[in-house]
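Thanks for making the time today. I would like to walk you through one structure, starting from the overall chain and ending at a single helix.

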Amino acid sequence: MTQTRILPADQAGLTEAAALILRGLPVAVPTETVYGLAGDATSGEAVAAIYAAKGRPSFNPLIVHVTSLTMAERVASFSPLARRLADSFWPGPLTMVLPATAGSPVASLTTAGLPTIAVRMPAHPTMRALIEAAGRPLAAPSANASGSISATRATHVARSLGGRIALVLDAGPTEVGIESTIVAVETDRLRLLRPGSITATMLADVAGVPVEATDTGAIEAPGQMTSHYAPSKPVRLEATTARAGEYLVGFGEVTGDASLSLRGDLIEAAARLFDLLHAADQSDAIAIAVAPIPHDGLGLAINDRLKRAAAPR
Ligand code: TXA
Ligand code: MG
């Protein structure tokens with residue numbers, strides 16, 4: 001049980017928040033939409049700690065927050081259309097799903113192993129100051145426990161995540177109150193993945209291409225979508241030894257060809273999950289086997305993801 005402190009979003013609060021972020025601990029911070037639970041987007045462990053605090057039973061990809069186009073271009077590749085949208089709506093409550101750059105510093109857990117990345121340049125001075133102080137992009141889902149509603153005040157965050165995070169920066173109620181609009185930017189169209197205060201009409205006016213609405217079922221949980229990263233090789237779970245031709249992903253005492261965590265640590269295992277699945281997929285092995293993962297805490301999210309990876313396709 002962690003003692004959760006609420007501090008005003010002044011210089012002292014920001015300094016403390018940035019120090020926690022650099023130690024890999026998540027901090028709740030206001031944005032113009034809702035409070036976010038921010039962590040270092042370049043550290044798999046930091047992102048795993050966000051999931052652990054939220055108690056989320058599955059890994060949804062997270063939005064990566066930046067303060068400049070230069071920072072954004074290090075993690076995502078911008079078409080002329082994406083740049084036009086950035087010029088018009090950033091900083092602000094618009095998240096764009098774009099191709100991730102080759103050699104992006106963002107951890108694979110942040111994007112849940114997807115080839116795309118959701119990027120947003122927030123307008124809120126506190127979130128911006130925290131990104132600047134940390135000197136790196138911050139991943140931030142809404143700052144609420146899994147399954148509960150988003151927080152628009154520091155007290156909402158404390159009620160939902162109290163005892164699970166060290167710090168909430170308080171800058172009063174958020175202005176917009178609903179999460180950012182999410183749009184997938186494609187060559188000749190936009191796909192609205194989540195409606196928000198920047199509407200389809202506003203986007204179409206700037207983009208000059210059609211904006212298609214996607215059904216919301218798919219949006220809440222892209223982890224369920226078929227486009228979600230899945231290995232190309234068959235995956236066998238609960239394996240304690242490798243069969244002929246298998247690449248064994250280990251955990252704890254099952255050492256395997258590579259281990260999610262030799263010391264059986266779930267945060268470390270979550271951080272390494274997608275990297276190891278990619279490595280196993282690219283190896284010479286014909287199939288992938290994965291050691292048993294305890295079914296509690298972050299293990300629920302890891303097992304959810306593994307179950308999908310192992311599902312017949
Ligand atoms: O306003 C907001 O966007 C807030 C503040 C904190 O910035 N953040 C937020 O994050 O709402 P979250 O994690 O609650 O929602 C992120 C959504 C998820 O539904 C996720 O599926 C989607 O973004 N998402 C992230 N990366 C994606 C990707 N590569 N492709 C499709 N959807 C993606
Ligand atoms: Mg949310």
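Before we begin, one term will be needed when I come to how a helix packs: two residues are taken to be in contact if their C-beta atoms, placed from the backbone, lie within 7 Å. Please also keep in mind that what you see is a predicted model.

Let me begin with the whole protein chain, whose secondary structure comes to 10 helices and 15 strands. Its C-alpha trace spans about 55 × 50 × 30 Å along the principal axes, and the radius of gyration is 19 Å, which agrees with the value near 20 Å that a compact globule of 313 residues would have. Of those 313 residues, 46% are buried, and among contacts between residues at least 6 apart in sequence, 69% join residues at least 24 apart.

An unreviewed UniProt entry annotates residues 11-198 as a YrdC-like domain; over that stretch the chain is 31% helix and 21% strand, with the end C-alpha atoms 31 Å apart.

Within that range, let us turn to helix α2, residues 44-54. How many of its 11 residues are buried? Nine are, so the helix is largely enclosed by the rest of the structure; among them are Gly-44, Tyr-51 and Lys-54, together with a run from Ala-46 through Val-47, Ala-48 and Ala-49 to Ile-50. And what do the buried residues of α2 pack against? Their partners are the strands β3 (35-40) and β7 (138-139), and the helices α6 (154-161), α9 (266-282) and α10 (298-310). After α2 comes Gly-55, which has a positive phi, near 65°.

Notes: Residues are numbered from 1 along each chain as its sequence is written. Chains are lettered from A and ligands numbered from 1 in the order in which they are written. This is a predicted model: local features need pLDDT of at least 70, side-chain atom pairs count only at pLDDT 80 or more; totals for chains, interfaces and linings use all residues. A residue is buried if 20 or more other C-beta atoms lie within 10 Å of its own, exposed if 12 or fewer, and partly exposed in between; C-beta atoms are placed from the backbone. Helices (H or I, at least four residues) and strands (E, at least two) are DSSP runs, numbered from the N terminus. UniProt positions are given in the numbering used here, feature names are shortened, and annotations may be inferred rather than shown by experiment. The radius of gyration is taken over C-alpha atoms; the globule rule is 2.2 Å times the number of residues to the power 0.38.
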